[in-house]
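Me: I have a model open and want to learn how to read it. Can we go feature by feature?

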Amino acid sequence: MENGRRASLGPITLPMSSLPPAIADKIVDHATLLERRRAARARGVRVVQCHGCFDIVHPGHIRHLRFARAQGDLLLVSITGDAEMRKGTGRPLIPEELRAENLAALDCVDMVYIEPRPTAAELLAEVEPDVYIKGREYETNNDPRFLREREIVERAGGTVVFSSGDVVFSSTALIAALEESADPFHARLRQLCRDEALEGSNLYTLISAFRGRRAVVIGESILDTYVMCDRPDVAGESPVMTLRPLHRRRYDGGAAVIARHLAALGARPTLVTALPESPDADQFRQRLAAEGIDVRALPVAQPMAEKQRFLVGTQKVMKLDLVEPIVLDTAQQERFTRMALEACASSPTDAAIIADFGLGLFTPVLMTRLCEAVRPRTRILSGDVSGRRSNLLSMRGMDLLCPSESELRDSTRLLGEALPLAAFTLLQETRSARAIVTLGADGLIAFEPRAAEQAAAASSSASGSFLSRLRGEHVPALGPVAVDALGCGDALLTTSTLALASGASMLQASFLGAAAAAVQVQRLGNVPVSASDLRHQIARTHAAHLAYAAPETIETRSALAARV
């Protein structure tokens, strides 16, 4: 980070229509500001101006602003925009739109303007306030920036007045105290946001590099149906719950949504899957083709798997799996493997993702054979599983595995041991390079062998020294509210894989994956995460330096510490 401040991430626009009209009307753009100033001058209204950051509006600010308002008829407060804040790493704490909203909510403030330039000098020359208010500490201050501001005001006929300074607070000191008292999750997020590799400009460059990447997705496709219901009732004939469907929403899930994520992020995906000859399958092909996805399907007799979830509002109350397991004979397995190899060989492949959703398409032998066949034909090979019938340990020679903690522990049978030991065992048994283990509301931990030990770790016993051989990076959950957890793992897997294929470090890949999961978890249903969504989430994460934990996650802190 240059000059001790975080990289500029671009504007974060908040919908002004959601503000009360009395507040929204006070927050003005440049043209409106100058127009109102001209009108005030014509009416003989005395305009007072204050300028500052106003990151945390504390009692000292309130007294300062009340004093300023008493010096004239109209108080304009101009604030330094986010891009020009120079108070150190992690500032501003509060994004410029929210700082403006806080000030506009004060009765003593008549107008608020966000100044995009480094100092107030140019704005003062344009506004020509009758009175310019500064804190008492500036009375003996020889800072050339303030001296320039004073010269501009007085040359235009205005005066500079220093406020009383009878109550002194420091936003910087308050923020430091808050950050020191934050829980470990916030401290870790603050640490990550200060890492040069995770600066907005570096992450944006990686996201731009997603465009045009060739990626192949291999796995089962699922239809995810959300049945939106009226509030439940109790049946008259017996005490059972009654649901009345109102409407249905259908999403393309399984391996299909991974391909859709890839397309939305700018990649050129090919989906290798198994489909029946049916109207549902035909419509499925057309939907994906419209998004630029090349679908190559092995014909099977089984209908498309459908998983129905019944919701009241956003709360899921029941799940119904309409699934007939896919069974392939040896000839079909060989044909499916050839289709995957042809998809990878049709043009240089940057990434291949194998997704096993436990529907029977992959046997342990077919999974291992497929991984070994695809491995030489792609730069990055990644995989994930879902469900107890999947084959995590059969995924061999992977660059990245993305299981949940329960999937990892179930597959390795290490149910009570330290999480790093389970991850180390997984990497050894599958001869894989890296793993991102998702922890639900606690975020994720990215594991990879330490550089000096990587070759030895592939063949050594997983006892005793695994902690010295394995490095773990914790990334807290970046989504403030979980609306729907469906598809978060798919979004993470897709984004992390593309990031690695674009030259990202493991930390960058896992952070981008966490950002994609944060976007997904705040949506209802399996909606693809776009490059624009990812950029906005990164901007929000860097802007929200003081997030507030949900009460139910606080008691998990000690458990997470034990895992790591």
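Me: Take the two faces of β7: are they covered or open?

Reply: This is a predicted model. Read a strand by its alternate residues. In β7, Ser221, Leu223, Thr225, Val227 and Cys229 lie on one side, and every one is buried. Ile222, Asp224, Tyr226 and Met228 lie on the other, also buried. So both faces are covered. Across residues 221–229, nine of nine residues are buried.

Me: Which strands does β7 pair with, and in what sense?

Reply: Look at bridges and direction. β7 runs antiparallel to β10 (residues 245–254), with nine bridges between them. There, Tyr226 is bridged to Arg249. With β13 (residues 305–312), β7 pairs in the parallel sense over eight bridges. In that pairing Thr225 has Gln308 as its partner.

Me: How many disulfides does the structure hold?

Reply: Go by sulfur distance. The cut-off is 2.5 Å. The structure holds zero disulfides.

Me: Why does Cys50 have no bond to Cys108?

Reply: Because their sulfurs are 8.8 Å apart, which is too far. Cys108 holds the closest cysteine sulfur to that of Cys50. Cys50 is buried, at 0% relative accessibility. Cys53 also counts as buried, at 16%, because the limit is under 20%.

Me: What surrounds Ser78?

Reply: Start with the element, then list contacts. Ser78 sits in strand β2 (residues 74–80). Ser78 is buried, at 0% relative accessibility. Beyond its neighbours within four places in sequence, Ser78 contacts Gln49, Cys50, His51, Gly52, Phe54, Tyr113 and Leu123. With His51, the side chains make a polar contact of 2.7 Å.

Notes
Residues numbered from 1 in each chain as written. Predicted model: local features only at pLDDT ≥ 70, side-chain atom pairs only at ≥ 80, totals over all residues. Heavy atoms only, no water. Buried < 20%, exposed > 50% of the residue type's maximum accessible area, 1.4 Å probe, protein only. Helix = DSSP H or I, 4+ residues; strand = E, 2+ residues; numbered from the N terminus. Polar contact = N/O pair within 3.5 Å; in protein donor to acceptor, adjacent residues only side chain to side chain. Contact = heavy atoms within 4.5 Å. Pairing = 2+ DSSP bridges.
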